[in-house]
Amino acid sequence: MVRMNKEWPEEGDLIVGTVHKVLGYGAFAKLEEYEGKEAFIHISEVSSGWVKNIRDYVRENQKIVARVLRVNPKKGHVDASLKRIREDQRTRRMQQWKIEQKAEKLLEISAKSIDKTLDEAYDEVGYLIMEEFGDLYEGFELASDEGEDVLLNIDVTPEWAEIITAVAKKNISTPEVQITGYVDLVSYKSNGVEIIRDALMSIEAKGVEVQCVGAPKYRIMVTAEDYPTAEKILSESADKCIGIIEENDGEGSFHRELED
């Protein structure tokens, strides 16, 4: 069970649950992120239209996303709604829950590596990461990208920081995008071939690859973590390359390959 760093959900929260009882007047769902808690969805909150048979909309063992209407901790009661959610909100919340399941599994792997239980992992580091970064997966993702310091800076112990970072780097790959552009390069000097070669070599770096399509056209492929970064690198690389050619009395132009 994925856990939250608070005991109860709040009004307006989107919660993930598993329906375990369906009655004529409503349904009960066990909350996936709040141990021992359940929500009740009245038949009037199942659908925006008239509901003749509630089982046409909910069934036992069904995973649902619901919006919290009311919370009464004294009575141990949560009222929720299925109809007060847009489909895109439902999809995103379910995806988020699945990601957090993965994060909890990574935390469990980390714990076993140092002979700790999952409960101990949550108490010693899990809730701290959730409080600082918003959710567990974000902490693992940052550790994968930036290393142990991102955890040490929030007072995670060196032992936990080391093992979490190792598990994160092994299991989380940084998402990448790739874009392509072309430069047409012409040099009128006797050593023009060398000038063009040097211009192209000057932009080759990590994430930047240059290929000859057929003179005077050359392909520049950029791989980066997101599209804005990739576009910036591609534009700067093309400008640098063309600048070198023009400084040597040549000509250059750039155009993008548009994505489908």
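Select arginine 3 to begin: at 19% relative accessibility it counts as buried, where buried means under 20% relative accessible area, exposed over 50% and partly exposed in between, with a 1.4 Å probe and protein chains only. This is a predicted model, in which local features need pLDDT of at least 70 and side-chain atom pairs count only at pLDDT 80 or more, while totals for chains, interfaces and linings use all residues. Residues are numbered from 1 along each chain as its sequence is written, and side-chain values use heavy atoms, with hydrogens and water left out.

Now add aspartate 119, whose side chain meets that of arginine 3 in a salt bridge (2.7 Å, N to O); a salt bridge is a side-chain nitrogen of Lys or Arg within 4 Å of a carboxyl oxygen of Asp or Glu. Aspartate 119 lies in helix α2 and arginine 3 in the segment before β1, so the pair ties together parts that are 116 residues apart in sequence. Helices (H or I, at least four residues) and strands (E, at least two) are DSSP runs, numbered from the N terminus. Aspartate 119 is partly exposed, with a relative accessible area of 42%.

Next, select glutamate 45 and arginine 84, whose side chains also meet in a salt bridge (2.6 Å, N to O). This pair links distant parts of the chain, with glutamate 45 in the loop between β3 and β4 and arginine 84 in the loop between β5 (77–81) and α1, 39 residues apart. Glutamate 45 counts as buried at 10% relative accessibility, whereas arginine 84, at 44%, counts as partly exposed.

For a pair within one helix, go to α7 (residues 227–247), where lysine 232 and glutamate 236 are four residues apart and are separated by about one helical turn. Their side chains meet in a salt bridge (2.7 Å, N to O); lysine 232 is exposed, with a relative accessible area of 51%, and glutamate 236 is partly exposed, at 44%. Lys6, Glu10 and Asp13 are worth selecting together, being linked in a network of salt bridges, and the count of salt bridges comes to 17.

Turn now to the strands, and display the closed barrel of five, which runs β1-β2-β3-β5-β4 with mixed pairing; two strands pair if DSSP finds at least two bridges between them. The twist averages 50 degrees from one strand to the next, where axes are lines fitted to C-alpha atoms, for helices over the stretch in contact, and angles run from 0 to 180 degrees between N-to-C directions.

Colour β2 (residues 26–31) within the barrel: five of its six residues are buried, so the strand is largely enclosed by the rest of the structure. On one side, six bridges join β1 to β2 in an antiparallel arrangement, and these two strands form a hairpin with two residues between them; leucine 23 stands opposite glycine 26 in β2. Five bridges join β2 to β3, again antiparallel, with alanine 27 opposite isoleucine 41 in β3. The hairpin of β2 and β3 has six residues between the strands, and there glycine 36 takes a positive phi near 80 degrees.

Strand β1 (residues 14–23) is also joined to β4 by five bridges, and the two run antiparallel; select glycine 17 to find its bridge partner in β4, isoleucine 64. Glutamine 62, in the loop between β3 (38–42) and β4 (63–72), is buried with a relative accessible area of 17%. Its contacts (heavy atoms within 4.5 Å), leaving aside neighbours within four places in sequence, are with Gly17, Thr18, Val19 and Tyr57.

From the barrel, move to helix α1, which lies across β1 and β4 and runs at about 95 degrees to β4. Which residues does glutamate 100 touch, not counting those up to four places away in sequence? They are Val2, Asp135, Leu136 and Tyr137. A polar atom of the glutamate 100 side chain lies 3.1 Å from the backbone nitrogen of tyrosine 137, and a side-chain oxygen of aspartate 135, at the start of α3, reaches to within 3.2 Å of that backbone nitrogen.

Finish at α3 (residues 136–146), whose buried residues include Leu136, Tyr137 and Phe140. What covers the buried residues of α3 includes α1, α2 (118–133), α4 (149–152) and α5 (158–171). The helix is followed by glycine 147, whose phi is positive, near 95 degrees.

Notes: A polar contact is a pair of N or O atoms within 3.5 Å; within protein, one must be able to donate a hydrogen and the other to accept it, and residues adjacent in sequence count only if both atoms are side-chain atoms.
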